[in-house]
Amino acid sequence: MRVSTGRSAQSDSRMFTVVVEAMGIGLQRRAERRLLVPFSQLQSTVRTIALQGGRITAVTPWSPSDAGPAAADAATPQAEPAAKVEPAAQAKPAAPSKPASVSHADVPVNTYKPKDPFIGTVTENYSLVGEGAIGRVNHITFDLSAGEPQLRYIEGQSIGIIPEGTDANGKPHKLRLYSIASTRHGDNMEGNTVSLCVRQLQYEKDGETINGVCSTYLCDIEPGAKVRITGPVGKEMLLPADEEANVIMLATGTGIAPMRTYLRRMFEPSEREKNGWHFRGKAWLFMGAPKTPNLLYDADFEHYQSEFPDNFRYTKAISREQENAKGGRMYIQDRVLEHADEIFSMIENPKTHVYMCGLKGMEPGIDEAMTAAAAAKGLNWAELRPQLKKAERWHVETY
Ligand code: FAD
């Protein structure tokens with residue numbers, strides 16, 4: 001948003017009164033506020049207000065006489081007495097507006113701890129990747145109905161798995177965390193299962209292939225096997241309660257797990273019927289994979305897009321098959337750059353949340369893309385990101 005100041009930019013000490021509505025939180029949100037802002041901070045203040053959901057109703061040049069006796073006239077825009085005008089040093093909005101999200105107090109956490117884990121039973125374990133894919137990724141479901149108390153969770157949380165056996169020192173293996181890939185109702189909608197999306201870790205060391213302990217244990221596990229489960233944990237990736245929220249999702253590989261829970265909650269007919277949460281906002285999934293057969297849950301997402309074209313958009317970056325604008329491999333950050341304008345227009349709306357999940361390695365690329373994308377809109381990502389984080393609208397879980 002650009003604000004005309006009526007004069008060409010110059011080094012000056014002009015001050016402006018910015019009249020804002022609906023900024024801040026609680027009752028304060030409804031009140032009109034006047035901010036006295038130096039010319040040099042005008043653009044950044046306007047952006048901050050927009051990010052916090054404020055509505056600017058007037059921007060007018062301020063002069064010292066505005067603070068004088070004539071200012072008591074309530075009919076003029078700068079009519080407030082000088083004492084009520086906030087000094088320039090306080091011109092930045094004090095409290096970031098927090099959109100309605102799930103109340104964190106209601107979120108189940110650590111029902112089962114490593115010393116006394118829940119014993120789940122595997123009901124399903126199938127491959128999620130197609131022929132010609134790189135590596136193994138499986139969808140694994142556990143029955144939770146045997147426990148007292150039952151292990152309950154909500155979308156965006158993780159559980160811990162303690163693999164069988166002992167480590168190189170003869171000690172029991174430690175738990176590994178996995179993002180939950182099913183909604184609280186489970187894939188069977190009965191509310192008594194949890195599913196994971198697990199990639200087998202494999203790497204080469206001294207000419208030998210090393211298999212990750214827990215991921216291999218899970219990818220090889222058979223239905224009927226008993227598994228030690230802990231948790232649930234995590235409050236970083238919870239969905240906002242607002243049915244009109246906008247949700248931008250950036251996922252690579254198994255980072256799709258929480259996004260699958262959101263999208264099922266939003267668009268799966270049986271889920272919508274059961275959860276009574278009728279999403280009306282815009283959801284946009286950016287998914288990164290090396291090859292087409294590595295796209296996870298792709299058919300479901302294509303289906304949601306065809307059924308809900310006004311509410312769901314699905315953009316893929318398939319690095320070994322698609323080219324970016326520079327002729328290199330197409331990564332998720334290239335897609336972010338391609339759509340920078342739309343992404344930042346959405347982010348300027350305080351109802352928009354961004355979720356990122358996947359391997360840690362995706363973070364620098366996304367950060368770089370967001371920096372460039374923000375700059376194209378005249379915004380500074382280094383300033384913006386902490387503000388979004390503080391407003392609980394920037395959610396990251398990488399591992
Ligand atoms: P381990 O046997 O523990 O081996 C891992 C170790 O191997 C590393 O610590 C490192 O020392 C070494 N290593 C790894 N790669 C190399 C390499 N290239 N060269 C040399 N050494 C290497 N995983 C999923 O598949 N799906 C998920 O949904 C998921 N969600 C997660 C959510 C959270 C919050 C977190 C923290 C992690 C998540 N993970 C997920 C990762 C998961 O917890 C495990 O880390 C992963 O499965 C590997 O565990 P492992 O026991 O198979 O490997």
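Gln157 is buried in this predicted model, at a relative accessible area of just 1%; buried here means under 20% relative accessible area, exposed over 50% and partly exposed in between, with a 1.4 Å probe and protein chains only. The residue sits in the loop between strand E5 (137–143) and strand E6 (158–162). Helices (H or I, at least four residues) and strands (E, at least two) are DSSP runs, numbered from the N terminus.

Two polar contacts can be listed for the Gln157 side chain: one goes to the backbone oxygen of Pro108 at 2.8 Å, the other to the backbone nitrogen of Ile154 at 2.9 Å. A polar contact is a pair of N or O atoms within 3.5 Å; within protein, one must be able to donate a hydrogen and the other to accept it, and residues adjacent in sequence count only if both atoms are side-chain atoms. Setting aside neighbours within four places in sequence, Gln157 also touches Val107, Pro108, Val109, Ser179, Ile180, Pro232, Val233, Gly234 and Leu238, where contact means heavy atoms within 4.5 Å.

On to the sheet. Six strands make up an open, antiparallel sheet, ordered E7-E6-E11-E4-E5-E8, and two strands pair if DSSP finds at least two bridges between them. Strand E7 (176–179) and strand E8 (193–199) are the edges, each pairing on one side only. On average, neighbouring strands of this sheet are turned by 40° against each other, direction ignored. E6 and strand E11 (residues 226–233) run antiparallel and are joined by four bridges; Ile161 has Ile229 of E11 as its bridge partner.

Elsewhere, helix H7 (residues 340–347) packs against helix H8 (residues 362–376) at about 80°, with the axes 9 Å apart. Axes are lines fitted to C-alpha atoms, for helices over the stretch in contact, and angles run from 0 to 180 degrees between N-to-C directions. H7 and H8 are therefore roughly perpendicular, the term for 65 to 115 degrees; under 35 counts as roughly parallel, over 145 as roughly antiparallel and the rest as oblique. Ala340, Ile343, Phe344 and Ile347 of H7 meet Met370, Ala373 and Ala374 of H8.

Overall, the protein chain comes to nine helices and 16 strands, and 48% of its 399 residues are buried.

Residues are numbered from 1 along each chain as its sequence is written, and side-chain values use heavy atoms, leaving out hydrogens and water. In this predicted model, local features need pLDDT of at least 70 and side-chain atom pairs count only at pLDDT 80 or more, while totals for chains, interfaces and linings use all residues.
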